[in-house]
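User: I would like to go through this structure step by step. Please explain each term when it comes up.

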Amino acid sequence: MPDPDEPRPGPDTSVPRPSLAEIAAQLDEEAGQTPPGAPVAEATTPLKATRVPQGAWLGGVCTGLAAHLGWPVLLIRAIVVGLAAVQLVGAVIYAVLWLAMPIDRSPAAPGIDAATRTGMRTQTSVRSSDIGERLALLLLGVGVALLVQFLVPSWHVVPFWPMVVFAVGVALVWRQADSLAPRIGRRRRMRAVVQALLGIAFIAGGIVLTVARGFGIQQLTTPQWIGVMLFVVLLAVAAPWAFRTRTALTAAREQELLANARADVASHLHDSVLQTLALIQRQADDPKAVAALARKQERELRQWLYGESHEADTIKAALETAAAEVEDDRGVTVDLVVVGDHEMDVRMDALVRASREAMLNAAKHSGADRVDVYAEILDESAEVYVRDRGQGFEVGSVSDDRMGVRGSIVDRMARHDGTARIRSAPGEGTEVWLRMELE
Amino acid sequence: MTEPNTPRPSRQRVVIVDDHAMFRAGVKHEIGPLVTVVGEGSDVESAVTTVLGTTPDVVLLDVHLPGGGGIEVIKQVHEKDPDIKFLAVSVSDAAEDVIGVIRAGARGYVTKSINGLELVDAIRRVADGDAVFSPRLAGFVLDAFSGSIDISAVDEDLDRLSQREREVLRLIARGYAYKEIARELFISIKTVETHVSSVLRKLQLSNRHQLTRWATDRRLV
């Protein structure tokens with residue numbers, strides 16, 4: 001920032017910089033008072049409905065919908081059952097949602113999640129009030145079904161009761177295939193097998209009844225029978241497993257991407273920050289080295305975090321590289337500001353080289369710990385100003401050493417139809433001005 | 001602020017807003033002897049509460065902040081009290097964020113690597129109603145307005161930088177202090193400050209072509 005009082009004050013100002021220990025002590029002191037900026041996680045309604053295992057009876061579809069819509073679960077269950085009683089519409093809707101809605105896995109913390117997966121947590125068991133609700137809903141379903149059959153006897157697109165048997169079978173099988181509850185322990189596994197077998201039996205029974213009602217058993221031969229049965233049973237049983245495998249694959253792929261990203265961050269931190277911290281510890285008694293290391297690390301990290309990944313083939317990128325090299329080599333701060341940009345070519349390369357030479361010069365001879373570089377690339381020309389607030393020199397009486405350096409700046413610019421001018425006076429610092437016309 | 005060397009009779013009251021407690025403590029320690037730190041904030045909410053509760057002379061404001069960033073703090077505070085002055089202090093250097101926070105109403109921008117004395121001086125300057133432009137900010141602003149030279153007399157004058165303002169900005173970008181700029185251009189320090197303030201005003205008022213174009217070029221909009 002600009003300072004009107006005097007040439008930029010050096011780092012050794014009257015206000016001492018705090019040591020890390022002092023800062024840490026102050027932090028401890030304040031730890032009790034300063035409220036940490038706790039980000040309040042807003043409980044927002046999830047955009048995508050998920051099946052919620054907590055309190056689920058079958059597949060968690062109703063609990064999921066209730067959470068998504070903010071309605072009471074019982075209401076949704078009643079609607080589904082009511083619709084199911086009308087030509088099984090509700091059952092079909094339920095089945096479709098069961099397949100479409102993923103299981104909600106988000107809310108549990110990693111530890112709780114792990115405990116759940118390893119069966120170390122008690123799952124919410126059916127409470128007694130649930131039994132009353134279930135009975136009520138069952139009666140509702142049967143009532144509505146009978147009512148529909150009584151009022152509209154002509155609705156016999158599907159034979160209703162055999163299909164109910166079929167649907168119950170499908171539900172039993174799907175419930176087992178769906179890993180809502182952990183299946184740890186012998187008894188649970190036995191129960192799962194029994195339920196699945198029962199479900200298949202129900203499915204078969206449902207089909208037999210349907211066919212018997214619709215066509216009459218005699219019309220089908222035995223092989224045809226077996227074929228139809230196998231097909232339907234396979235379909236009903238395989239669907240949830242196939243679906244689950246697909247979701248598992250997607251989840252695995254996401255996990256892998258996430259793990260890769262984490263590994264990238266970790267390796268980057270290891271290669272950069274960790275190494276620098278180690279170096280800083282080893283050179284802790286050399287403030288200049290520490291500052292240089294910190295600055296280099298800051299530059300790298302900044303580039304990594306916020307980097308506009310501009311093409312390397314521009315003046316801006318080339319100047320940034322040059323400034324970084326000078327910083328690293330000479331242990332000074334090079335403050336680079338670039339306005340506009342242009343593609344590199346032979347002449348621009350000469351300009352950047354001359355600029356680098358000027359920066360090196362300032363770092364080596366001026367005695368200042370900071371070099372300001374300003375580059376402005378407009379439509380018709382590119383200009384670079386390299387400035388230090390060091391000791392300066394008499395431009396007229398330059399030594400041979402200076403002559404050589406001036407040659408590498410002034411002559412280089414002249415060879416490419418550019419201009420270089422050096423402004424300096426003892427005690428006034430030095431400014432090198434470079435200008436190159438653009439074609 | 002004609003005579004920058006005179007010690008101020010009263011110490012500036014400052015609020016530090018940053019989500020890193022370490023940084024707040026460091027800054028407090030550094031500028032503590034020269035200004036009065038009356039409060040701190042770690043996110044948008046706490047910052048707005050603290051600033052409105054203490055009405056400091058200057059708020060040191062981090063650009064990136066939980067809860068919507070520094071811009072949000074300026075907006076919410078200025079709704080209630082438009083006289084509070086903000087100085088943006090950032091490590092991010094992302095051009096769009098810096099310009100954004102200036103356009104929202106901050107009176108200057110400095111990087112976190114600034115040393116204590118320079119920071120105190122910047123605080124005094126902002127408290128006096130002047131603008132504080134670091135070389136980097138000057139570069140950003142010149143970049144933002146650089147399309148304005150060839151489109152002369154097309155748009156209203158207000159949005160364009162005058163020749164003198166451009167000269168002053170370029171000198172700031174070259175690392176010149178106000179005093180050096182004044183000497184270079186044969187004008188008074190006061191005039192330099194006036195130019196810088198007027199650039200700031202244009203930056204905050206202008207919502208038109210140049211900035212839009214600049215943003216489009218950088219794929220920001």
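Analyst: Contact means heavy atoms within 4.5 Å. Helices (H or I, at least four residues) and strands (E, at least two) are DSSP runs, numbered from the N terminus. The model is predicted: local features need pLDDT of at least 70, side-chain atom pairs count only at pLDDT 80 or more, and totals for chains, interfaces and linings use all residues. Residues are numbered from 1 along each chain as its sequence is written, chains are lettered from A and ligands numbered from 1 in the order in which they are written, and side-chain values use heavy atoms, with hydrogens and water left out.

User: Which residues in α4(A) do Val80(A), Leu83(A) and Ala84(A) in α3(A) meet?

Analyst: The axes of α3 (residues 73–85) and α4 (residues 89–100) of chain A come within 5 Å and cross at roughly 125 degrees. Axes are lines fitted to C-alpha atoms, for helices over the stretch in contact, and angles run from 0 to 180 degrees between N-to-C directions. That makes α3(A) oblique to α4(A), given that angles under 35 degrees count as roughly parallel, over 145 as roughly antiparallel, 65 to 115 as roughly perpendicular and the rest as oblique. In α4(A), the residues met are Val89(A), Gly90(A), Ala91(A), Ile93(A) and Tyr94(A).

User: Why is strand β4 of chain B largely enclosed by the rest of the structure?

Analyst: Buried means under 20% relative accessible area, exposed over 50%, partly exposed in between (1.4 Å probe, protein chains only). Strand β4(B) covers residues 85–90, and it is largely enclosed because the number of its six residues that are buried is five.

User: Which residue is the bridge partner of Leu61(B) in β4(B)?

Analyst: Two strands pair if DSSP finds at least two bridges between them. β3(B) and β4(B) run parallel and are joined by five bridges. Within β4(B), Leu61(B) has as its bridge partner Ala88(B).

User: Which residue in β5(B) does Val89(B) stand opposite?

Analyst: Strand β5 of chain B (residues 108–111) runs parallel to β4(B), and three bridges join them. Opposite Val89(B) in β5(B) stands Val110(B).

User: Is Pro66(B) buried, exposed or partly exposed, and what is its relative accessible area?

Analyst: Pro66(B) is in the loop between β3 (58–62) and α3 (69–80) of chain B. Leaving aside neighbours within four places in sequence, Pro66(B) is in contact with Asp19(B), Ser42(B), Asp43(B) and Val44(B). Pro66(B) is partly exposed, and its relative accessible area is 29%.
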